[in-house]
Amino acid sequence: MTDIDIPDGFEPLSRKSPLTEPWEPLYAKKTERAVVIGLRLARPHTNGRGLIHGGLIAALADNAMGYSCAQATNWSTSFVTVSLSIDFAGSAEIGQWCSIESDVIKTGKTICFAQSLIKADGVVIARASGTFRVVPKKG
């Protein structure tokens, strides 16, 4: 993969996870209040029919919304998922650029609400919403 395959503003995702490791490389673009996750779809991201797997969409939407809650609070606290909802509106194939674009709805002392649109080459293929519990950082 070359840099030309990655849209402007995206850099390698710095927050690594054992769950997402097989899906690398993953990319992120930070905005003032959100973290957009992106990836070029490849075989490890697909189901048996060669389409993007719904589990991948759910996991990356969960990550993007959680990171966006953290970004909106200047990374001063951690978050754990309380609820996650996904609506699938389309599909995507190998080679397409997939982005998970989140929006933080409200942050509070104990809860953060977020939503995201999941797009393949700019076309919405799913939407997600999440509720996240604030977990104070230790030490």
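**Pockets and Residues**

Guide: In this predicted model, the lining of the largest pocket is made up of six nonpolar, five polar and three charged residues.

Visitor: How much space lies in the largest pocket?

Guide: The largest pocket holds about 240 Å³ of space. It is lined by 14 residues, and those closest to its centre are Arg 15, Gly 66, Tyr 67, Ser 78 and Phe 79. Two elements, α1 and β4, give two or more residues each to this lining, and α1 supplies the largest share, five residues.

Visitor: What makes Gly 66 count as polar and Phe 79 as nonpolar?

Guide: The classes are assigned by residue type: Phe is on the nonpolar list, whereas Gly is placed among the polar residues. Both Gly 66 and Phe 79 are among the residues closest to the centre of the largest pocket.

Visitor: Which residues line the second largest pocket?

Guide: The second largest pocket holds about 180 Å³. Its lining includes Gly 9, Glu 11, Arg 15, Lys 30, Tyr 67 and Trp 75. Both β1 and β2 supply at least two residues, and β2 gives the most, with three. By class, this lining divides into six nonpolar, two polar and four charged residues.

Visitor: Why is Ile 6 called buried?

Guide: The relative accessible area of Ile 6 is 12%. Buried means under 20%, so Ile 6, at 12%, is buried. Ile 6 belongs to the segment before β1. Its C-alpha is 8.0 Å from that of Leu 39, although the two residues are 33 apart in sequence.

Visitor: How do you know that Trp 75 is partly exposed?

Guide: Trp 75 has a relative accessibility of 25%. Partly exposed lies between under 20% for buried and over 50% for exposed, and therefore Trp 75 is partly exposed. Trp 75 sits in the loop between α1 and β4, and it has a positive phi of about 55° although it is not a glycine.

Visitor: Why is Asp 121 called partly exposed?

Guide: Asp 121 has a relative accessible area of 47%. Exposed would require over 50%, and buried would require under 20%, so Asp 121 is partly exposed. The loop between β6 and β7 contains Asp 121. Its phi is positive, about 50°, although Asp 121 is not a glycine.

Visitor: What is the omega of the peptide bond from Glu 24 to Pro 25?

Guide: The omega of that bond is near 5°, and the bond is cis. Pro 25 is placed in the loop between β1 and β2.

Technical notes:
Residues are numbered from 1 along each chain as its sequence is written. This is a predicted model: local features need pLDDT of at least 70, side-chain atom pairs count only at pLDDT 80 or more; totals for chains, interfaces and linings use all residues. Side-chain values use heavy atoms; hydrogens and water are left out. Helices (H or I, at least four residues) and strands (E, at least two) are DSSP runs, numbered from the N terminus. Buried means under 20% relative accessible area, exposed over 50%, partly exposed in between (1.4 Å probe, protein chains only). On a 1 Å grid over the protein atoms alone, a cavity is a set of points where a 1.4 Å probe fits but cannot get out, and a pocket is an open set with protein on both sides within 12 Å along at least five of seven lines; lining residues have an atom within 4 Å of a point. Grid points are joined across faces, edges and corners, and a volume is the space filled by probe spheres set on the points.
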